[in-house]
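Colleague: Hi! Could you walk me through this model? I'm new to reading structures.
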Amino acid sequence: MNGPLFAANLVAVVLALLAAIVSGRVGWRRAHIVIVTLTTVLLAVAVWQAELYGQHLAFEPWRLRLHLVLASATLACLLPVAWTGLAIVRETGRQGTHRWWVVAFMVLAVSAIVSALWMMATALEVAPTDTHPV
Ligand code: HEM
């Protein structure tokens with residue numbers, strides 16, 4: 001796994017999230033939709049990169065479990081965020097409802113990031129195993 005590429009993508013995710021919040025707040029609707037789509041793609045790439053990165057590390061089981069619960073809840077929260085956002089576009093929903101789901105999403109995302117750092121703090125390097133037959 002390319003460490004600098006992973007770090008660069010994490011920075012891109014944070015910047016994209018900030019851009020999503022700013023474009024939503026100021027009401028740049030088209031830009032907001034493009035930015036949140038890009039953010040979702042960057043997030044998916046980050047999850048895949050983290051999966052590759054973690055293959056060579058051993059984590060404390062309960063720290064890993066806590067992180068996986070928070071990370072899954074963050075991804076699941078994207079559904080109501082998108083649903084309530086699309087409801088505003090269709091004029092069937094209110095901005096306030098979308099805003100509360102965005103707040104829940106951001107709180108979960110920050111918790112997932114903090115739990116990941118906490119998990120990494122006690123991670124141990126594991127030797128790669130050769131699974132190929134001789
Ligand atoms: C995933 C699909 C999403 C859709 C379809 C969507 C759609 C929208 C729309 C149509 C608005 C109203 C803009 C206007 O006033 O014209 C809005 C507002 C907003 N959105 Fe989204 N959004 C989505 C995801 C997100 C995400 C991921 C975030 C942040 C992480 C976010 C943050 C915000 C914020 C902060 C507002 C302003 C709410 C307010 O001022 O009450 N949105 N969104």
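**Chatting through the model**

Modeller: Happy to! In H1, the residues Leu17, Ala20 and Gly24 are buried, meaning that 20 or more other C-beta atoms, placed from the backbone, lie within 10 Å of their own (12 or fewer is exposed, anything in between partly exposed). Helices such as H1 are DSSP runs of H or I with at least four residues, strands are runs of E with at least two, and they are numbered from the N terminus. Do keep in mind that this is a predicted model, where local features need pLDDT of at least 70 and side-chain atom pairs count only at pLDDT 80 or more, while totals for chains, interfaces and linings use all residues. Residues are numbered from 1 along each chain as its sequence is written.

Colleague: What do the buried residues of H1 pack against?

Modeller: They pack against H2, where a contact means C-beta atoms, placed from the backbone, within 7 Å. As background, an α-helix has 3.6 residues a turn, so residues three or four places apart point the same way.

Colleague: And what comes after H1?

Modeller: Glycine 27 follows H1, and its phi is positive, near 80°.

Colleague: New topic: how many helices and strands are there in the protein?

Modeller: The protein has four helices and two strands. Along the sequence they follow the pattern α-α-β-α-α-β.

Colleague: How much of the protein counts as buried?

Modeller: 14% of its 134 residues. The C-alpha trace spans about 60 × 25 × 25 Å along its principal axes.

Colleague: Now the ligand. Which residues are the closest?

Modeller: Gly24, Gly27, Ala82, Gly85 and Gln95 are the closest of the 23 residues that surround the ligand; a residue is near it if its C-beta atom, placed from the backbone, lies within 6 Å.

Colleague: Which helices supply that shell?

Modeller: H1 (3–26), H2 (29–54), H3 (61–89) and H4 (95–121) each give at least two residues.

Colleague: What's the shell like by class?

Modeller: It has 13 nonpolar, seven polar and three charged residues. Here Ala, Val, Leu, Ile, Met, Phe, Trp, Tyr, Cys and Pro count as nonpolar, Asp, Glu, Lys and Arg as charged, and the others, Gly among them, as polar.

Colleague: Last one: where does glutamate 91 lie?

Modeller: Glutamate 91 lies in the loop between H3 and H4. Its phi is near 60°, a positive value in a residue other than glycine.

Colleague: Is glutamate 91 buried or exposed?

Modeller: Glutamate 91 counts as exposed, because it has 7 C-beta neighbours inside 10 Å.

Definitions and conventions: Two residues are in contact if their C-beta atoms, placed from the backbone, lie within 7 Å.
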